[in-house]
Amino acid sequence: MSHLSVAKFGGTSVANHDAMTACAKIIIADPNTRVVVLSASAGVTNLLVALANGVKATEREKLIGEIRQIQENILNELKDDSRIRPIIEKYLENITALSEAASLATSPALTDELISHGEMMSTQIFIEILREQNASATWVDVRTIVSTNNHFGKAAPNDEQTQSNSDSILKPLIDRGELVITQGFIGREPSGKTTTLGRGGSDYSAALLAEVLNAKDVLIWTDVAGIYTTDPRIVPTAQRIDTMSFAEAAEMATFGAKVLHPATLLPAVRSNIPVYVGSSKAPEACGTWVTRDPQPRPTFRAIALRRDQTLLTLSSLSMLHAQGFLANVFNILAKHKISVDTITTSEVSIALTLDKTGSASSGAELLSTELLDELRQYCSVKVDTGLSLVALIGNDLHITSGVAKRIFDTVQSYNVRMISYGASTNNVCMLVQSEHSDEIVRSLHKSLFE
C-alpha cells in the first residue's frame with residue numbers, strides 16, 4: 001500500500017460503452033489505482049431527480065424509458081451480459097416503485113434513495129467492462145463506508161465512523177490486492193437510509209476515501225485535460241497549467257471556472273493529498289496537479305469569467321459617518337437569502353455584485369420588489385444588469401508592484417464599472433459590460449500570459 005491512488009470518473013467518463021472502456025484501460029495501466037469512485041452515467045441523475053419530484057404516469061414511463069435506454073446502450077455492447085442484466089433489471093424495478101411512491105408524496109429521503117440508483121447501476125456495469133478487459137474487481141457499496149448525518153440532499157460525513165468503516169471493510173480488501181469499484185455522491189445515515197452529499201459529491205467522496213485510506217493522491221478523471229489559464233472556448237491559445245495551489249483552484253472555482261469546487265476537495269486539502277485533474281478521453285495529454293505549495297508560483301495564474309452579474313448601488317447622504325447602515329443593508333439581503341459576491345464602498349454609497357448562478361432565478365427575479373422596497377426605505381437604489389465579472393487569479397497580487405498598471409493598460413479602452421482588489425491575495429476582480437467580456441479576457445490573456 002506504499003502508493004495508493006483513489007481515482008474518480010465523472011458522468012461523461014462513464015456515459016457509454018466506449019467511454020467506460022477508456023476508463024477501464026486507464027485503471028488497468030496504473031497499478032497504483034486501487035479504489036475507483038464512479039458517478040452515474042451522464043444524464044441519468046437528472047432523469048432520476050425529475051422522477052423524485054413526482055410526475056404523472058405517462059411522464060414517469062417516458063423518464064424511466066430514457067434511463068433504461070442509457071443502460072441498454074451499454075449492456076448491448078457487452079460480450080456477455082448474462083450476469084449483469086438481472087441486476088440492472090432489479091434496479092430499474094426499484095426505480096419504478098420509488099418513482100410511483102414519489103408521485104404520491106415526495107420527500108428528501110425518498111429523493112436520495114431514488115437518485116442513488118444511478119451510481120449503483122454505473123458501478124455494477126463497470127465491473128463487467130473491466131471483466132471484458134480481463135481485469136477482476138470487487139464491487140463495494142459505498143454506503144457501508146461513508147456514514148453521514150440525516151441532512152438529506154446535502155449530508156455531512158461523520159469522519160470518525162467513516163474511518164472505522166474503512167478500516168474494517170476497505171483496508172482488508174486493498175491489502176489483499178483487490179481493485180475496489182464504488183460509488184460517488186452517496187452515503188448512509190444512522191438509521192440506515194441512503195443520503196447524498198450534495199453537488200460535486202463524487203469529488204468529495206473520492207477525497208474522503210483518499211483521506212481515510214491515507215492515499216498518496218486523488219486522480220479526478222473528467223472530460224478536460226486539466227485546468228487552463230482561461231476558458232479555451234474564449235481563448236484558443238489558453239495553456240494548460242501544470243501545477244497550481246489549492247488556494248488558486250479555490251479562487252477559480254468560486255469565479256465560475258468549470259474546475260474542482262474547493263469544498264468538494266476539503267478532505268484532500270486538510271490532509272495535504274495532491275489532486276490530479278486529467279481527461280479520461282485523452283489520458284496521455286497530461287493534466288494539472290493541485291497541491292498545497294507548488295513551485296513556481298507566478299504572479300498571474302489564470303483568468304476566470306462569471307457572466308450574468310447584477311450590480312446593486314445603494315447611496316445615502318445620511319450614510320456619511322453613520323453607524324449601522326451597512327449592518328442594515330446586509331440584514332435585509334440576508335433575510336431575502338441574497339449572497340453578495342464583491343463589494344466596494346465610498347463614504348456615501350456601496351456597490352455590490354450579486355451572482356444569480358447560485359440560484360435558479362435570473363438577476364431580475366433575484367431582486368424582488370419587496371427587497372427593493374425595503375432597501376429604498378434606507379437609501380436610493382440603482383440596479384444594473386448585463387454585466388460580467390472578470391477575475392484575475394494569481395499570487396501575492398497585493399504586494400507585487402506594477403500589477404495594477406499592467407491590468408489597467410490592457411483594459412484602458414473599455415468601461416470598467418467596478419474593481420475589487422485587496423481582499424484576497426489571490427485575485428483582482430473587474431466588473432465589465434457583458435458584450436465586451438470575451439474581448440477583455442482575450443486581451444488580458446494576451447498581455448499577461450502569452
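**Exercises on a predicted single-chain model**

Residues 24 or more positions apart supply 76% of the contacts in the chain that have a separation of 6 or more. The exercises below concern this chain, whose structure is a predicted model.

**Exercise 1. Overall dimensions**

Task: Determine how the radius of gyration of the chain agrees with that of a compact globule of 450 residues.

Solution. Begin with the expectation: for 450 residues, a compact globule would have a radius of gyration near 22 Å. The chain itself has 24 Å, and this agrees with the expectation. Next, consider the extent along the principal axes, where the C-alpha atoms fill a box of roughly 75 × 55 × 40 Å. Finally, add the secondary structure, which consists of 15 helices and 16 strands.

**Exercise 2. Surface and charge**

Task: State what share of the residues is buried, and what share of the accessible surface belongs to carbon and sulfur atoms.

Solution. Of the 450 residues, 51% count as buried. The accessible surface comes to about 19,900 Å², and carbon and sulfur atoms hold 52% of that surface. As for charge, the chain carries 40 positive and 49 negative charges, and the mean positions of the two sets lie 1 Å apart.

**Exercise 3. The nonpolar cores**

Task: Identify the residues with the most contacts inside the largest nonpolar core, and list what Phe9 touches.

Solution. The largest nonpolar core comprises 98 residues, and the most contacts inside this core are made by Phe9, Leu51, Ile67, Ile95, Phe126, Leu209 and Val275. Apart from this core lies another, of 20 residues, which includes Phe300, Leu397, Ile407 and Val432. Turning to Phe9, and leaving out residues up to four places away in sequence, its contacts include Val14, Cys23, Val36, Trp221 and Ser280.

**Exercise 4. Two helix residues**

Task: Decide whether Ile74 is buried or exposed, then do likewise for Ser99.

Solution. First, locate Ile74: this residue belongs to helix α3, residues 57-75. Its relative accessibility is 0%, and buried means under 20%, so Ile74 counts as buried. Among the residues that Ile74 touches beyond four places in sequence are Val14, His17, Met20, Ile125 and Ile129. Val14 is 60 residues away from Ile74 in sequence, yet the C-alpha atoms of the two are 9.8 Å apart.

Second, locate Ser99, which lies in helix α4, residues 84-104. The relative accessible area of Ser99 is 0%, and therefore Ser99 is buried. With neighbours within four places in sequence set aside, Ser99 is in contact with Leu51, Arg60, Ile64 and Leu114. One of these partners, Leu51, is also among the residues with the most contacts inside the largest nonpolar core.

Definitions and conventions: Residues numbered from 1 in each chain as written. Predicted model: local features only at pLDDT ≥ 70, side-chain atom pairs only at ≥ 80, totals over all residues. Heavy atoms only, no water. Helix = DSSP H or I, 4+ residues; strand = E, 2+ residues; numbered from the N terminus. Rg over C-alpha atoms; globule rule 2.2 N^0.38 Å. Buried < 20%, exposed > 50% of the residue type's maximum accessible area, 1.4 Å probe, protein only. Contact = heavy atoms within 4.5 Å. Areas by Shrake-Rupley, 256 points an atom, 1.4 Å probe, with all protein chains shown as cover. Lys, Arg positive; Asp, Glu negative; His and termini not counted. Charge placed at Lys NZ, Arg CZ, Asp CG, Glu CD. Core = buried A, V, L, I, M, F, W, Y, C linked by side-chain atoms within 4.5 Å.
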